[in-house]
Amino acid sequence: TDISRVGLYGLTYKEDVDDVRESPALQMLDSMKRHLGGKICAYDPFVKTRLCDGQVFDFDEFLSSVDIVVVLTSHTHIKENADRLKDKIVFDTRNIISGEKVYKL
């Protein structure tokens, strides 16, 4: 599997729901596909159907596939698993993760 080392966490439009209508993450993925051409890894604990190439359905698989995690949705799941991101570079767009290698956007 040719998956980028960048992973998007959160495909829903808001935290702790499975609704992906008007999801900023899906819009971003579409734009990246058009402009960059490569695959990117994506994970959301609430989304059980395939929405994009590179999507994984297991958090451990997601973490082992990426070096950089872009947090796009502030699910309770990522807050409860924030300690598992300590070896990753994290771009936190929701201001919910803290740590040495965490960058707020």
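This tour moves from a set of paired strands to two loop residues, T12 and I97. The model is predicted, so local features need pLDDT of at least 70 and side-chain atom pairs count only at pLDDT 80 or more, while totals for chains, interfaces and linings use all residues. Residues are numbered from 1 along each chain as its sequence is written, and side-chain values use heavy atoms, with hydrogens and water left out.

Begin by selecting β1 (6-9) together with β3 (residues 68-71), to which four bridges join β1 in a parallel arrangement; helices (H or I, at least four residues) and strands (E, at least two) are DSSP runs numbered from the N terminus, and two strands pair if DSSP finds at least two bridges between them. Y9 stands opposite V71 in β3. Add β2 (residues 41-43), which pairs with β1 over three bridges, also in the parallel sense, and find G7 opposite C41.

Next, select T12, in the loop between β1 and α1 (24-36). T12 is buried, with a relative accessible area of 2% (buried means under 20%, with a 1.4 Å probe and protein chains only). Its side chain makes a polar contact with that of H75 at 3.5 Å, that is, a pair of N or O atoms within 3.5 Å, one able to donate a hydrogen and the other to accept it. Beyond four places in sequence, the contacts of T12 (heavy atoms within 4.5 Å) include D44, F46 and T73.

Finally, select I97, in the loop between β4 (89-92) and β5 (102-104). I97 is buried, with a relative accessible area of 2%, and among the residues it touches beyond four places in sequence are V71, I78 and L85.

Notes. Buried means under 20% relative accessible area, exposed over 50%, partly exposed in between (1.4 Å probe, protein chains only).
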